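Trainee: Hi, have you got a few minutes to go through a structure with me? I'd like to start with a single residue and work outwards.
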Amino acid sequence: MSAEDLDNYETDAELALYKEYRDVIKLFTYVVETERRFYLANKVDFNVRSAGQDVYFDVQLTDAWVWDVYRSSRFAKSVRIVTFKDVNVEEVQKSDIDIPDGI
């Protein structure tokens, strides 16, 4: 496999992932972003925890979709995220979703 073949494979996989995202975003209520991953979910349980002097986030997602080009199945019944890094949770405004079909 040449470097060009590998680049084409990765480009095709990323485009397929974007198209899947475009198709499924309307099914979800929340967008959750961490340093490592991007998720869509219908329920988010966000908790701030402490361990001595440190503070971390414990986030439970229910009915989720994971943005990961290398996963064979991106849908998950539940996901638990435990991190010391930032977590961004946004509610999707259904009326704001207008993704062009031509892409």
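Trainee: Is Tyr 39 buried or exposed?
Mentor: Happy to help, and keep in mind that this is a predicted model. Tyr 39 has a relative accessible area of 9%, so it counts as buried.

Trainee: Which strand is Tyr 39 in?
Mentor: Tyr 39 is found in strand 2.

Trainee: And what does Tyr 39 touch, leaving out residues up to four places away in sequence?
Mentor: Its contacts are Tyr 30, Val 31, Val 32, Thr 34, Leu 61, Trp 65, Val 66, Val 79 and Ile 81.

Trainee: How far is Tyr 39 from Ala 64 in space?
Mentor: Their C-alpha atoms are 6.7 Å apart, although 25 residues separate Tyr 39 and Ala 64 in sequence.

Trainee: Which residues make up the largest nonpolar core?
Mentor: That core has 12 residues: Val 32, Tyr 39, Ala 41, Phe 57, Val 59, Leu 61, Ala 64, Val 66, Ala 76, Val 79, Ile 81 and Val 87. At least two residues of this core come from each of strand 2, strand 3 and strand 4. Strand 3 gives the most, with 5 residues.

Trainee: Which residues are in the second, separate core?
Mentor: The second core has 10 residues, including Tyr 21, Ile 25, Val 31 and Leu 40.

Trainee: Back to strand 3, then. Why does Leu 61 count as buried?
Mentor: Leu 61 lies in strand 3, and it counts as buried because its relative accessibility is 0%. Beyond four places in sequence, Leu 61 touches Val 32, Tyr 39, Ala 41, Lys 43, Val 44, Lys 77, Ser 78, Val 79 and Ile 81.

Trainee: What about Asp 63, is that buried or partly exposed?
Mentor: Asp 63 also has its place in strand 3, but its relative accessible area is 39%, so it is partly exposed. Its backbone deserves a look too: Asp 63 has a positive phi of about 55 degrees, although it is not a glycine.

Trainee: New topic: helix 1. What length should it span?
Mentor: Helix 1 covers residues 3-24, and at 1.5 Å a residue its 22 residues should span 32 Å. The C-alpha atoms at its ends are 32 Å apart, which agrees.

Trainee: Which residues of helix 1 are buried?
Mentor: Leu 17, Tyr 21, Arg 22 and Val 24 are the buried ones.

Trainee: And where do the buried residues of helix 1 pack?
Mentor: They pack against strand 2 (38-51), strand 3 (54-66) and strand 4 (75-83).

Trainee: Let's look for empty space. How many cavities of 30 Å³ or more are there?
Mentor: The structure holds 1 cavity of that kind, and about 30 Å³ of space lies in the largest cavity. Tyr 9, Glu 10, Ala 13, Glu 14, Val 69 and Tyr 70 form the lining of the largest cavity. By type, that lining divides into 4 nonpolar, no polar and 2 charged residues.

Trainee: How much space is in the largest pocket?
Mentor: About 160 Å³. The pocket is lined by Thr 34, Glu 35, Arg 36, Arg 37, Tyr 39, Ile 81, Val 82, Thr 83 and Lys 85, so our starting residue, Tyr 39, is one of the lining residues as well as being buried.

Trainee: Which strand supplies the largest share of that pocket's lining?
Mentor: Strand 4 does, with 3 residues. The pocket lining as a whole has 3 nonpolar, 2 polar and 4 charged residues.

How values were computed: Residues numbered from 1 in each chain as written. Predicted model: local features only at pLDDT ≥ 70, side-chain atom pairs only at ≥ 80, totals over all residues. Heavy atoms only, no water. Helix = DSSP H or I, 4+ residues; strand = E, 2+ residues; numbered from the N terminus. Expected span 1.5 Å × (residues − 1). Buried < 20%, exposed > 50% of the residue type's maximum accessible area, 1.4 Å probe, protein only. Contact = heavy atoms within 4.5 Å. Core = buried A, V, L, I, M, F, W, Y, C linked by side-chain atoms within 4.5 Å. 1 Å grid on protein atoms, 1.4 Å probe; cavity = no way out; pocket = protein on both sides within 12 Å on 5 of 7 lines; lining within 4 Å. Points joined across faces, edges and corners; volume = space filled by probe spheres on them. Nonpolar A, V, L, I, M, F, W, Y, C, P; charged D, E, K, R; others polar.
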